[in-house]
Each structure stands twice: as C-alpha cells, then as structure tokens.
Amino acid sequence: MEIINTIGRRKTSVARIYVSPGKGDVQINNKELKEYFLSEIHQTMVKQPLVAAKADGQFDVVVNVEGGGIKGQAEAIRLGIARALVLADAENKPSLKKDGLLTRDSRMVERKKYGKRKARRRFQFSKR
C-alpha cells in the first residue's frame, strides 16, 4: 500500500494528512504528537479515529497543519485521519461514521457587522 493523503478542515485550520503503513508514529509539523499537543485531551482527539477503526499502531501519520487554534487544528487532524482510514480500508467507514468522525463541522466565526461592536453585540445604549 502506498501513501494516502487527505485533507481535514475545521474553522480556519487546514490539515494535510499523509498515512502510510508503519508502527503508529504520529508526526505533526515535524514534531511528535506529545510535543505538539501538550494537552492529553487533544492527543486523545487526534488518536480517536485510529482507536475507533482498531488501527492504532498499524499506520504512521505525518501531518502538516496551519491556521486556527489548538483545538481547531486537533479537530482538523482528526477528520483528515478518519478520511484516510476509509480510503485505506472501506470496512472502517461504519465504525467511524457511527462515532461522527467523518462529518465536517462547518461552523465558522460569524463576521463583524458595521455599526456593532462584534458580530451581534451592540454598543451600549443610553437614553440620555
């Protein structure tokens, strides 16, 4: 099997994922998983598709991620890995879909409107 590449997105984060058969190494922007995501929650989030597909330790994952914050990047990586696992083996799809890992979360930040302080927040009103 050759290298499988996919894209995962979340908010303004874009993650390019390269999955190849290996021993379970996850490398993000040339750093180890534990080095890039210091929080245990984000590390678990990235590994979630591998655990759901029972493929933890079977694939090496190389990630280039940019934009957004830490959580958005972790969720973008999660989506990309899930998509790559489906391309690697179609039998992974039901278990990943059941856990909601193949759904692109399309929610974005609402733009700021003129005449307002934020997207919806108005300036303070004073009658006098």
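Author: Contact here means heavy atoms within 4.5 Å. The model is predicted.

Reader: What covers the buried residues of α2?

Author: The cover includes β3, α1, α3 and α4 (93–98). The residues beneath are His42, Gln43, Met45, Val46, Pro49, Leu50 and Ala52. They are called buried because buried means under 20% relative accessible area.

Reader: What makes the span of α2 close to the expected one?

Author: α2 has 13 residues and reaches 17 Å from its first C-alpha to its last, against 18 Å expected at 1.5 Å a residue. The expected span is 1.5 Å times one less than the number of residues.

Reader: Where in α2 is there a kink?

Author: At Val46, shortly before the proline Pro49, and of about 40°. That value is a bend, so it is the angle between axes fitted to the seven residues ending at a position and the seven starting there.

Reader: Why are β1 (4–10) and β4 (31–32) said to stand at the edges?

Author: The order in the open sheet is β1-β2-β5-β3-β4, with mixed pairing. β1 and β4 each have a single partner strand, so one side of each is left without a neighbour in the sheet.

Reader: How do you know that β3 and β4 pair?

Author: Two strands pair if DSSP finds at least two bridges between them. β3 and β4 have two bridges, in the antiparallel sense, so the condition is met. Glu32 in β4 is the bridge partner of Gln27.

Reader: Which residues of the largest nonpolar core touch the most other members?

Author: Ile28, Ile77 and Leu96, out of 30 residues. α3 gives the most to this core, with eight residues.

How values were computed:
Residues numbered from 1 in each chain as written. Predicted model: local features only at pLDDT ≥ 70, side-chain atom pairs only at ≥ 80, totals over all residues. Heavy atoms only, no water. Core = buried A, V, L, I, M, F, W, Y, C linked by side-chain atoms within 4.5 Å. Buried < 20%, exposed > 50% of the residue type's maximum accessible area, 1.4 Å probe, protein only. Helix = DSSP H or I, 4+ residues; strand = E, 2+ residues; numbered from the N terminus.
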